[in-house]
Amino acid sequence: MSNSEHLATVMVNAFIDAVERGIDLVPVVADSTSTAKIAPFMKQFPGRLVNVGIAEQTLVGAAAGLAIGGKVAVTCNAAPFLISRANEQIKVDICYNNTNVKLFGLNSGASYGPLASTHHSIDDISVLRGFGNIEIYAPACPIECRQIIDYALEHVGPVYIRLDGKALPELHDENYRFAPGNIDVLREGKDVALVAMGSTVHEIVEAATQLAAQGIDASVISVPSIRPCNTSQLLAALKTCKAIVSVEEHNVNGGVGSLVAEVLAEAGCGIPLRRLGIQDGQYAIAADRASTRARHEIDAAAVIKNARQLLLTRQ
């Protein structure tokens, strides 16, 4: 499908609609109005947005205070600064105290490209999976993103939503329905299971298409709901195949590859798994998206290569 849209634009439209239907929503930014693409919200609801300046710890603390006061507080800033600079505030003010704050990690992964490791967010999922009491989502397309946001704004409790920094095409039509915890099987196959979260789902969709032309039948499994996750559903989808390749624009530790490994290990399932991501001890290079993914072997070509290699070991 086509109809590409930037997920931050989806986010802002969801905020506008939420306020119009009566949700007392207050966005909090850290001098990140352009990153959040939130000008339409500010124009429609002047005085409702809070800008704390370049002070991420204050951003999270202010959002927690607004939530305690009865507001639905949403933070909108770059994922690397939200997670790294406000780490303690997220842990204590949001998670430990169960405040009704929705954290939006914008331009996640290596979306900032040439700005390099200071601006890349390749550990956000692993950090937040280590914190208790926060739901974690990584939408892969605009429709899914909108439904996740609508759910999060109605849900009472902490939520983190990882948003890519590029426009993404649709993977679903209007019949799609997101449900917290559910995985999304985009294609069923019997040879190799390809698993991803967020924008790298598009890499495994392309990889599956090319593998099919080579006579290899691949399942395509998107995991938009990291926590909660229906692990029984995930395991059932994985067990139909002879090998598994996971891919993510994130460190190989603590993300979707680790989630898959945990599910397989706890079930005593011996299907071979190869985890593709930013390798242990590395940082994503400073480059455009295509070059970054090719260099770190997290593009469709790398998925195809690793899937073929794993299947050879099973013959």
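Which residues point one way from E5, and which the other way? Val-101, Leu-103 and Gly-105 point one way, while Lys-102, Phe-104 and Leu-106 point the other way. All of them are buried. That holds for six of the six residues of strand E5, residues 101-106, so the strand is largely enclosed by the rest of the structure. The model is a predicted one. With E5 as a starting point, the rest can be explored step by step.

Start with the whole chain. The protein chain contains 13 helices and 14 strands. Its radius of gyration is 19 Å, close to the 20 Å that the globule rule gives for 315 residues, so the chain is as compact as a globular protein of that length. The C-alpha trace spans about 65 × 40 × 35 Å along its principal axes. Of the 315 residues, 56% are buried. Contacts often link distant parts of the sequence: among those between residues at least 6 apart, 78% join residues at least 24 apart.

Next, the surface and the charges. The protein chain exposes about 12,300 Å². Carbon and sulfur atoms supply 49% of that area. There are 26 positive and 32 negative side chains. The centres of these two sets lie 3 Å apart.

Now return to E5 and the sheet around it. Strands of a sheet pair through backbone hydrogen bonds, either parallel or antiparallel. Here seven strands form an open sheet, and the pairing is mixed. Their order is E3-E2-E4-E5-E7-E6-E12. Strand E3 (50-51) and strand E12 (225-227) stand at the edges. Each has a single partner strand, so one side of each is left without a neighbour in the sheet.

E5 has E4 on one side and E7 on the other in that order. Strand E4, residues 72-78, pairs with E5 in the parallel sense over six bridges. Strand E7, residues 159-162, also runs parallel to E5, and four bridges join the two. Lys-102 ties both pairings together. Val-74 stands opposite Lys-102, and in E7 the bridge partner of Lys-102 is Val-159. Lys-102 is also among the buried residues of E5.

Follow the sheet from E4 towards E3. Strand E2 comes next, joined to E4 by four bridges and running parallel to it. Val-74 appears again here, as the bridge partner of Pro-27. Five of the five residues of E2, residues 25-29, are buried, so this strand too is largely enclosed by the rest of the structure. Both faces of E2 are covered. Leu-25, Pro-27 and Val-29 lie on one side, and Val-26 and Val-28 on the other. Beyond E2 is E3, which runs parallel to E2 and is joined to it by two bridges. In E3, Asn-51 is the bridge partner of Val-29.

Now take the other direction, from E5 through E7. Strand E6, residues 135-137, pairs with E7 in the parallel sense over three bridges. Ile-136 stands opposite Tyr-160 in E7. In the sheet order, E12 follows E6.

Several loops next to these strands deserve a look. Most residues other than glycine have a negative phi, and most peptide bonds are trans. Two asparagines in loops beside E5 depart from the phi pattern. Asn-98 has a phi near 55°, a positive value in a residue other than glycine. It is found in the loop between helix H6 (87-96) and E5. Asn-107 also has a positive phi, about 50°. This residue lies in the loop between E5 and helix H7 (124-129).

Are these two asparagines buried or exposed? Asn-98 counts as partly exposed, at 44% relative accessibility. Asn-107 counts as buried, at 11%.

A peptide bond stands out beside the edge strand E12. The bond from Arg-227 to Pro-228 is cis, with omega near 5°. Pro-228 lies in the loop between E12 and helix H10 (231-238).

One last loop leads into E4. Gly-69 sits between helix H4 (56-68) and E4. Gly-69 is exposed, with a relative accessible area of 61%. Gly-69 and Asp-173 are 104 residues apart in sequence. In space they are 38 Å apart, C-alpha to C-alpha.

Definitions and conventions
Residues are numbered from 1 along each chain as its sequence is written. This is a predicted model: local features need pLDDT of at least 70, side-chain atom pairs count only at pLDDT 80 or more; totals for chains, interfaces and linings use all residues. Side-chain values use heavy atoms; hydrogens and water are left out. Buried means under 20% relative accessible area, exposed over 50%, partly exposed in between (1.4 Å probe, protein chains only). Two strands pair if DSSP finds at least two bridges between them. The radius of gyration is taken over C-alpha atoms; the globule rule is 2.2 Å times the number of residues to the power 0.38. Contact means heavy atoms within 4.5 Å. Accessible areas come from the Shrake-Rupley method with a 1.4 Å probe; for residues, only the protein chains shown count as cover. Lys and Arg count as positive and Asp and Glu as negative; His and the chain ends are not counted. The place of a charge is taken as NZ of Lys, CZ of Arg, CG of Asp or CD of Glu.
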